[in-house]
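Reader: I would like to go through the architecture of this model. Let us take domains, sheets and helix pairs in turn.

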Amino acid sequence: MKCECMKQQSDLSLLEPVLAEYAAVPGSLITILQHAQEIYGYLPTDVIYHVAERTGTTPARVLGVATFYTQFRFQPVGKYLIMLCDGTACHVNGSARIAAAVQEYLHVENGGTTEDGLFSFSIVACLGCCSLSPVMMINGDTYGSLTPEQVLEIIKDIQAKEAAE
Amino acid sequence: MSMRIAVGQGSCGIAAGAQKVAQALRPLLEGTGIPLGTVGCIGMCWLEPIVDLYENDTLKARLVRVQPRHAEAIAEAAKTGDLSGVADLTITPDDSAFLEQQTRIALRNCGIIDPESIESAKAAGGYSAIGRILSKEHGMTPEDVIECIKVSGLAGRGGAGFPTWFKWNAARQSEGEEKYLICNADEGDPGAFMDRAVIESDPHTLIEGMLIGAYAIGAQEAIVYVRAEYPLAIKRLENAISDAREAGYIGKNILGSDFSCEFRIKAGAGAFVCGEETALIESLQGQRGMPRLKPPFPAAAGYWYKPSNINNVETYANVAWIINNGGEAFAAMGTEDSKGTKVFALTGKIRRGGLVEIPMGMTLRQVIFDIGGGIRDGKAFKAVQMGGPSGGCIPASLLDTVIDYKKLAATGAIMGSGGMVVMDESTCMVSMAKFFLDFTAKESCGKCVHCRIGTKRLQEILSRIVSGEGREGDIELLEELCNAVRDGALCGLGQTAPNPVLSTLRYFRDEFEAHITDKRCPAHACTDLLHYSIDAEKCRGCTACARNCPVYAISGAVREAHSIDPNACIHCGRCKAVCKFGAVTVD
């Protein structure tokens, strides 16, 4: 089987302003990758190669840095990214039950994306809203003091909104 | 009479709906001349959203758990000054006591000033300390500043508790023109959120503290390393830095002096180990965040191998207060070895969870019961976890322990960054130990063998214990391995990773034994070890349990006692949840 990972064709010109600003600044690799992920939603392989070339390093080093940090993803994510906190306070206050409810309802594993591409689900370390535990964040909005029923309501609201569009 | 309204909008307030409350209030206040302001987090998270009514800049009423539907009553109260319409929302004296028992230095402006206005910060005394230091008449030399911090006894609030003046002095003494001052705002401890609150609620206090530090060590550049998970904190800090630059507090020749300092923010990308200072520096340089061997310490060779100083947010937040009030005033609070105040994030099964700043020397009991109001839902206190994955659990018998670096360390826990997660009788301590090892095993950077493999093996042993497959000798094996990891690991993450296991073994050994020998979880938390059965006396044969059992493990005729097949049961607990007669028992 031939390797197909370079068949991706991302629009590399989108990254040009970022590279123009940071490519020559030492220590900026993480910043460049953060911008790249904002542009493409994840880090496609051809983008990683391109960043390596433009910053004068190897793809292995870029990938080594990217895989070290939990923020970076290598697969496209759904339109809505559900981040469920499993920090200590959320854990003690039953985040596992919330996780089970989401996974059962959406049929999605931790780190996975639903078939319709609408939701990605990820269990993350502390979001820092411990007094509202259990907490989740969907696309930057925080929801606190969750119960399994509430979580499903929130998800169903999003589904209804999407269906209407 | 001049009234104004302030809505608390930190991350937790917003999550509880504060923005919607503000949106509902805005049109109602149009044309009334009553300003609607934003403040950060007051730290009374269990009462969010919170709306404060001020009359002539004095707090007239604090309204709690406000919903958008209350907007009209609030607007009316602000217009007329008559509070009877919002009496139901007004905070109770019992809840107010939460704040009254605190002494706030690092959090002095949080929830009071507008975090998006430099004028508001200046009105509260912001930038007066750096102004004094740089003034021609009563100025202070860098050595004076370091001496003042030395007198105060301020120690690193990020966890290690290292004397701040010592680090500053070492960086000052290091050879070289190019120096850096770094703020560690990579608050990764699950259960701690005071750094987020400070940045979101009072960013100028952090900037001023860092400016003073930069002046003391001779740095020309200051960098704040913030977690990417804190978008609001990053936004407010960016805004504050730009305002401070415009006002002449950042940049070249600050306030007309010879002192110049640039500021920038670097967003972390999610790695707990980056809270370790040398790992943080590696990450700042765009590398994998793996700790360096020490020495050399960052004071000699840090960012780009230049002399650097790193402190945590809370540490810097104390600095301007110390300069303004004198080192002695700070040192007057606290105990023999621990001076000043410390902020704790009180969470878990506590009645009043939030941010608590108290002088060192108070007891845990005072913080958890007097300030926090004790355990909620009428359950019994079991333990408090302090110091996150590097800390330990303190049992009820040690609740009178005094909060100070040494006394806490003697219990097997640590001060840490100030996370205080309270647990009740329904929390299984073995499962808690496993939770922390799951975390450290995942977050181990992999550089040294003891941490990389040791935490993984510890996690495996704990996993088998909570799933009922613990073996005789596992406790001894855990202890041996814990000691090896502690002694052999390269950095703080690995060296302290065994603490949650060692401290639970020390105080809750019987729970480990119950899991291993009796295959029983005393807290009824480990699902694999639960045994469900039906009390034939109480069962009315309504069939609800049998109909809801996902694996058809329950059998019995209508109106006759049912029974559960223990071999088929998957311990999901649905039968217990649906039984109206309390006939399903678990042990």
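**Strands, domains and helix pairs**

Author: The model is predicted. In chain B, Asp52(B) stands opposite Arg62(B) in S4(B).

Reader: How many bridges join strand S3 of chain B to S4(B)?

Author: Strand S3 covers residues 51-55 of chain B. S3(B) and S4(B) run antiparallel. Asp52(B) and Arg62(B) face each other across this pair. The number of bridges is five.

Reader: Which are the edge strands of that sheet in chain B?

Author: The sheet is open and has four strands, with mixed pairing. Its order is S2-S1-S3-S4 (chain B). An edge strand here pairs on one side only. The edge strands are S2 (36-39) and S4 (58-63) of chain B.

Reader: By how many degrees are neighbouring strands of this sheet turned against each other on average?

Author: The sheet in question is the open one of chain B, in the order S2-S1-S3-S4. Direction is ignored in the average. The value is 30 degrees.

Reader: What is the strand order of the open sheet in chain A?

Author: Four strands form the sheet, and their pairing is mixed. The order is S2-S1-S3-S4 (chain A).

Reader: Why is one side of strand S2 and of strand S4 of chain A left without a neighbour in the sheet?

Author: Strand S2 covers 119-124 and strand S4 covers 141-143 of chain A. Both stand at the edges. One side of each is left free of a neighbour in the sheet because each has a single partner strand.

Reader: What is the average turn between neighbouring strands of this sheet, direction ignored?

Author: The strands concerned are those of the open sheet in chain A. Their average turn against each other is 20 degrees.

Reader: Which helix of chain A packs on the sheet?

Author: The helix touches strand S1 (80-85) and S2 of chain A. Its direction makes about 155 degrees with that of S1(A). The helix is H6, residues 95-106.

Reader: Which residue in S4(A) stands opposite Met136(A)?

Author: Strand S3 of chain A spans residues 136-138. Three bridges join S3(A) to S4(A), and the two run antiparallel. The residue opposite Met136(A) is Tyr143(A).

Reader: At what angle do helices H3 and H4 of chain A pack?

Author: H3(A) is residues 45-55 and H4(A) is residues 59-68. Their axes lie 8 Å apart. The crossing is right-handed. The angle is about 115 degrees.

Reader: How many nonpolar residues are in the contact of H3(A) with H4(A)?

Author: H3(A) gives Ile48(A), Tyr49(A), Val51(A) and Ala52(A). H4(A) gives Pro59(A), Val62(A) and Leu63(A). There are no polar and no charged residues in this contact. The nonpolar count is seven.

Reader: Are H10(B) and H11(B) parallel or oblique to each other?

Author: H10(B) is residues 203-217 and H11(B) is residues 231-246. Their axes are 9 Å apart, and the helices pack at about 60 degrees. H10(B) and H11(B) are therefore oblique.

Reader: How many charged residues are in the contact of H10(B) with H11(B)?

Author: The H10(B) side includes His204(B) and Leu206(B). The H11(B) side includes Arg236(B) and Asp243(B). Six residues of the contact are nonpolar and one is polar. The charged count is two.

Reader: How far apart are the C-alpha centres of domain 2 and domain 3 of chain B?

Author: By the domain assignment, domain 2 is 118-330 and domain 3 is 341-424 in chain B. Their contact takes 17 residues from domain 2 and 20 residues from domain 3. The centres lie 27 Å apart.

Conventions. Residues numbered from 1 in each chain as written. Chains lettered and ligands numbered in written order. Predicted model: local features only at pLDDT ≥ 70, side-chain atom pairs only at ≥ 80, totals over all residues. Heavy atoms only, no water. Pairing = 2+ DSSP bridges. Axes fitted to C-alpha atoms, helices over the stretch in contact; angles between N-to-C directions. Contact = heavy atoms within 4.5 Å. Parallel < 35°, antiparallel > 145°, perpendicular 65-115°, else oblique. Nonpolar A, V, L, I, M, F, W, Y, C, P; charged D, E, K, R; others polar. Domains from an automatic or database assignment. Left-handed = near helix turned anticlockwise from the far one by under 90°.
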